[in-house]
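Reader: I would like to learn how to read contacts, helices and backbone angles from a set of coordinates. Could we work through one case together?

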Amino acid sequence: MPLTQFMLLSAFLFCTGVYGVLARRNGVLVLMSIELMLNAVNINLVAFSAQLNDAAGQVFALFVIAIAAAEVGVGLAIVLLIYRNRVAVNLDEIDLMKG
Amino acid sequence: MPVILAEYAAQNVSFWIIAAIMAAAAIGVVTMKNIVHAALALVVVLAGVAAQYILLQAEFLGIVQVLIYIGAVIVLFLFGIMLTRAPMRKSAEYDNDQRPLAGAVALLIFGVLAYLLADEFSGDKLNITQPMATSAIADSIFRSYVVAFEAVSMLLLAALIGAIVLARRD
Amino acid sequence: MLLATEAVTHAAGQAGISEQAWLIPLLPALSYVIILLFGKKMPKGGSESGIIAVGLSFGLAVLVAFDWVKNHAVVDQHWVWWHNGDFKITIGQHVDGLAAMMFVVVTFVSLMVHIYSTGYMHGDVRFTHFFASLSLFTAAMLFMVLADNLLQLMIGWELVGLCSFKLIGHWFEEKNNSSAALKAFFTTRTGDVGLMLGIIVAFFAAHGTFNIATINKMALEHEIGHGLLLAIATLLFLGVMGKSAQFPLHIWLPDAMAGPTPVSALIHAATMVVAGVYLVARVYGVFWEGFSIEAGGLNWMALIAGITMIIAAALAFVQDDIKRVLAYSTVSQLGYMVAALSVGAWTAGVFHLFTHAFFKALLFLGSGSVIHAVHSNNMSEMGGLKKYMPTTFTTFIIGTLALAGIFPLAGFWSKDEILLGASEGGYPFILTLGLIGAFMTACYMGRCVFLTFFGEYRGHGHPHESPRSMTVPLILLAIPSLLIGLINAPGILKFTHWVAFEPGVEHFHLEHHDFNPTLAGISLAVAIGGLVVSAMVYYWQNVPAGLRGATDRGALRSVKTLLIEKYYLDRLFVDGLVGFIKGPLARATYWTNQKIIDGIVNAVGIGTKIVGRFTYDILDQKGVDGIVNGIGVSASETGGVLRLVQSGRVQQYALMLFAAVGLLGLALIFFT
């Protein structure tokens, strides 16, 4: 199998994730888009690991998965807090750092 | 030779089918107006990723992917949707105003990435002779990357505690 | 300022006591300090300090003179007391025949005057001060004589001028006296401008040295250009004109008689006024080459000296004040000395200085004795004093005969040598004037003697002989007046041998002319003729009928008026020069100052103010502050604009982030 197709897939997923991060209003949806990005990276890592026959790629992918899980946990906790303060979780309205 | 070809062709075909499904689902995640549908589309994407891992002969990782992501993370998302009382119906509220720009940026990045990657790695062929042994991964983790492993476990602990602290009512 | 001691001794060899000649001025200087500090408390009011000091100096001077006569070794030493790189200022001593002679003369006359003054100034209101000034004067004069370089000479020169001022104005309660002192000071000062300029030019011409011996040598060996030497000589001669009362700066000397008589004797007859002559004699190389004395004919110095000789003698005829007669006589005799030097008769001039010191001091002191007895200066109130004051009379006669130049007294020999020098040196003009002057000298002195001592007493007092303190110096001065001329009589010629101008240059020597009996006879006859004429008019009253009262009629009357008015020179100087400066020149200067200079200054001030205001208002307030404020405002405006980017919305930030990444990637693709 050509390697590039995995690359392209990975790139596509990543960019979709980017679009999602930028264009979605709900915090949970943003987190989902971040998951998309992380998975895209994972595909890349594993593809290279397979090509180079090096376990390191898969090890990194594992770590990424672990971190992603942790991140989602904390992220949702934060979203919950925001919800508690403001009922609706619209990222547009969170502009306390407005200059 | 025909066996190899057939094998080769089978992997390719399966890759493309799974990739198509994943792509569609990914687009669905970021565009669907129903948040629960978006979550489910994410499930599809994650499953597709697991399938790709299997295709890449990274079986352990594929299993882990299914277990962790689909098993835990998505559940977490759904709980989050529930707890934040997100409107679980079709709502136009889920997209913000900078969609066109975002689309443009995303396309731009995709273009750049695609070009760079294709330019660099075109012609490389994957030559997987046998699946990656889980023991090899284990060895790698507990020998070369043991520090990272410990760090990640610390991270998980911190995230755990942090999430609890953040989210508790008091 | 590094003090370096360089005792550079030239050709000293066997000089003994002469090397301690620096003590000679030092002793009177110490006396000056002592009198200033303790004079009032001393029993004799400070005079004993002065007499002892000058007496010791005299003794030392005699020893130095003997040493010189025996060894003939020049002492030329100096000590650098200040230097600035190559430029050195030194203090030193140069002892040779001329210096030794001057030491003896100055200390002897000063000693006589000191002793005399104890009697004359007895009971004076500023007795101690007088003696202090006398000591200072003696010290300064000796310091000047000792000098080996022009700067030191000038210091002594100026100091004696100062002392002269102090002493002339001794009785300054009367305006006349202080005016006379000022006149003396200013007139000599005018000449001193020339002296200073001359010294400066000489310094540079001689490539940076003030040393007199060096300058003489360079002048005579033609190392300095003739034009430069002429300039130096002329400038120095200006100083001589002031100090030694040559025409036209002689005007101060007669007025200086306002001072006490001992002062006149010491300063204005024997010592200070000869400072100018001494200068010429010392720096003779410059004058010899500068005025081309060898050439003969006439030169500036001779011309002025000749004029001085005659006009002063003429003025002596119309004076009533006995001191003024002697003062004009001094001016005339100074003319003789300068004339001698100007015709190349160096030894004659110096010898005349030597003899003149003695008999002129004698005459002055004698006149002082007379004044003291009669309590008046005017000869119209004297007469027939020979009965009352025999000692004074005798010594006065001796002095007169010496001055008139009667054989074998001192004046004969010295005056004769001058005339000899003039005739042999090729200066017939000076010879003629000299002879005329000799006649006039004898004549006016005769007039003076006859009016004072002969005839009937015309005054109102009771004249008596003066005390011993006054008559003893008269006697002591009469002896050299009688005899000292014989030192240089033909055949003996000791003075010429001892006191000579020896600059150490090979091809130079001054001619010494042999005694000319004819000339001597003529000058003697002239002198005796003068005395006879004066006797005819004033003693025997035996004037031919036609000439009687001649001076009151016609042309002679105007001549007499001219003489009485001193040739209107005083009017010229006071009204003309001073009046011009006080009047028009001062007014013009004031106008220039007020209108022009003040105008410029004010304009500058106003201009500066305007510039200042402009700078403040426009440049600073608007310009610089504008720029500074502008920077602040623009920073805040830019911040205000940039602030809008910070919407607080994370997704917007993320958008910008990713867009940047994309663009960078693009750049990466295209540029690598």
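Reader: How many residues does each chain give to the contact between chain B and chain C?

Author: This is a predicted model, and that applies to each value we discuss. Chain B and chain C each bring 10 residues to their contact, and on the side of chain B that touches chain C there are eight nonpolar residues, two polar ones and no charged ones.

Reader: How many residues does the contact between chain B and chain A take from each chain, and which elements of chain B take part?

Author: Here 72 residues come from chain B and 59 residues from chain A. Two or more residues of the side of chain B that touches chain A come from each of α1 (2-31), α2 (35-55), α3 (59-83), α4 (99-121), α5 (134-144) and α6 (146-167) of chain B, and the classes on that side are 54 nonpolar, 13 polar and five charged residues.

Reader: How many helices and strands does chain B have, and what percentage of its residues count as buried?

Author: Chain B has six helices and zero strands, and 27% of its 170 residues count as buried. Among contacts in chain B with a separation of 6 or more, 54% come from residues 24 or more positions apart.

Reader: How far apart are the end C-alpha atoms of helix α17 of chain C, and what span should its 15 residues have?

Author: The general idea is to multiply 1.5 Å by one less than the number of residues. For α17 (residues 410-424) of chain C this gives 21 Å, and the end C-alpha atoms are 22 Å apart, which agrees. Of the 15 residues of α17(C), 14 are buried, and the helix is followed by Gly426(C), whose phi is positive, near 90 degrees.

Reader: Which peptide bond leading to Pro408(C) is cis, and where does Pro408(C) lie?

Author: The bond that joins Phe407(C) and Pro408(C) is cis, with omega about -5 degrees, and Pro408(C) is in the loop between α16 (390-404) and α17 of chain C. Another cis bond runs from Phe247(C) to Pro248(C), with omega near -5 degrees, and Pro248(C) is in the loop between α8 (226-243) and α9 (252-255) of chain C.

Reader: Is Ala245(C) buried or exposed, and is His222(C) buried or exposed?

Author: The cut-offs are 20 or more other C-beta atoms within 10 Å for buried and 12 or fewer for exposed. Ala245(C) has 32 such neighbours and therefore counts as buried, whereas His222(C) has 11 and is therefore exposed. Neither residue is a glycine, yet phi is positive in both, near 50 degrees for Ala245(C) and about 60 degrees for His222(C).

Conventions:
Residues are numbered from 1 along each chain as its sequence is written. Chains are lettered from A and ligands numbered from 1 in the order in which they are written. This is a predicted model: local features need pLDDT of at least 70, side-chain atom pairs count only at pLDDT 80 or more; totals for chains, interfaces and linings use all residues. Two residues are in contact if their C-beta atoms, placed from the backbone, lie within 7 Å. Ala, Val, Leu, Ile, Met, Phe, Trp, Tyr, Cys and Pro count as nonpolar, Asp, Glu, Lys and Arg as charged, and the others, Gly among them, as polar. Helices (H or I, at least four residues) and strands (E, at least two) are DSSP runs, numbered from the N terminus.
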